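Hi,

Here is the structure I promised to pass on. Have a look at it first, and my notes follow below.

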Amino acid sequence: MAGWIFSPVQSKIDVLHYDLKFDLYPDKSLLKGDAVITCILIDKSKSEIDLNFYDNFKITELLVNDQKTEYSNTDNQLHIKYNEIKDTAKVEVIYEGTPKHVGLSGFVFGEINKKNIVYNLSEPDFASSWFPCNDVPTDKALLDISITNDTSMVSVSNGILIDTRVNDDRKTYHWRTRYPIATYLVCIYSADYVTFSDKYVSQDRQDTLPLQYYVFANQLENGRIA
């Protein structure tokens, strides 16, 4: 596989929002993803959109503004054709597979104390090893991310927890980031966590920030100290 590739076409888009849905199956090291990327086309003379996405995944469907279109995926380049877009494009990619370990660790289906754990470390430009994106730190966007795993697993991501939903033996956690975020900072953690809360109070006591911590049960006291 070639190294990281940046296409000049990528500089012609501005991603506004990522809506990412992940179904995790740690025993199979399988990730099923549904990524909706909303972007503005800076250069409307182009008839193509380039994103970063590693080619080891099987793409089952790709739509631009709800219409099927031609595309190719080689190395970490996802090249998408479209007919006519006036301003904003909504690209949806449905896919599945096992992410490659790249960079410092990439996306990992791991195990600690014989229990499953899912985590990632995407710095500086390896987010595209597990979801399609414009994988450059300068193109920040808003984020919704939904993580589905076994009901025994707690799934954590960036921002604020919006809601949780249970469907039989599966549980979904929906997180939302209200401030633009770089792709390499998008995170996903899913394990048998316990949680505790704290609160930051500003020095002038005019502002507070709720803090939620997720730790392994056998590290709860150490987590409180840390």
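A disulfide here is a pair of cysteine sulfur atoms within 2.5 Å. With that cut-off, cysteine 187 is unpaired because its sulfur sits 14 Å from the closest cysteine sulfur, in cysteine 133, too far for a bond. A search of the whole structure in fact turns up 0 disulfides. Cysteine 39 is in none either, and its nearest cysteine sulfur, again that of cysteine 133, is 12 Å away.

Before going on, some ground rules. This is a predicted model, where local features need pLDDT of at least 70 and side-chain atom pairs count only at pLDDT 80 or more, while totals for chains, interfaces and linings use all residues. Residues are numbered from 1 along each chain as its sequence is written, and side-chain values use heavy atoms, with hydrogens and water left out.

Back to the cysteines: are they buried or exposed? Cysteine 39 is buried, at 1% relative accessible area, and cysteine 187 counts as buried too, at 18%. (Buried means under 20% relative accessible area, exposed over 50%, and partly exposed in between, using a 1.4 Å probe and protein chains only.)

Next, the core. A nonpolar core is a set of buried Ala, Val, Leu, Ile, Met, Phe, Trp, Tyr and Cys residues joined through side-chain atoms within 4.5 Å. The largest one has 47 residues, and those touching the most other members are Tyr18, Leu20, Phe22, Leu24, Ile49, Tyr95 and Phe131. Its largest share, 6 residues, comes from strand 1 (residues 13-25). Helices (H or I, at least four residues) and strands (E, at least two) are DSSP runs, numbered from the N terminus. In soluble globular proteins, nonpolar side chains tend to be buried together. Leucine 24 is a good one to click on: leaving aside neighbours within four places in sequence, its contacts (heavy atoms within 4.5 Å) include Leu30, Phe107, Val118, Ile147, Arg170 and Ile188.

Now some backbone details. Glutamate 123 and proline 124 are joined by a cis peptide bond, with omega about -10°. Proline 124 lies in the loop between strand 10 (115-121) and strand 11 (141-150). Two asparagines have positive phi without being glycine: asparagine 65, near 50°, and asparagine 113, about 55°. Asparagine 65 is in the loop between strand 4 (58-64) and strand 5 (67-68) and is partly exposed at 31%. Asparagine 113 is in the loop between strand 9 (106-112) and strand 10, and counts as exposed at 58%.

Strand 13 (residues 160-167) and strand 14 (residues 170-181) run antiparallel, joined by 7 bridges; strands pair if DSSP finds at least two bridges between them. Threonine 164 has tyrosine 173 of strand 14 as its bridge partner. Their hairpin has 2 residues between the strands, and aspartate 168 takes a positive phi near 60° there.

Finally, threonine 69. Where is threonine 69? In the loop between strand 5 and strand 6 (71-74), partly exposed at 22%. Its C-alpha is 6.3 Å from that of tyrosine 82, 13 residues apart along the chain. Not counting residues up to four places away in sequence, threonine 69 touches Leu62, Val64, Ile80, Lys81 and Tyr82. A polar atom of its side chain lies 2.3 Å from the backbone oxygen of lysine 81.

Best wishes

Notes. A polar contact is a pair of N or O atoms within 3.5 Å; within protein, one must be able to donate a hydrogen and the other to accept it, and residues adjacent in sequence count only if both atoms are side-chain atoms.
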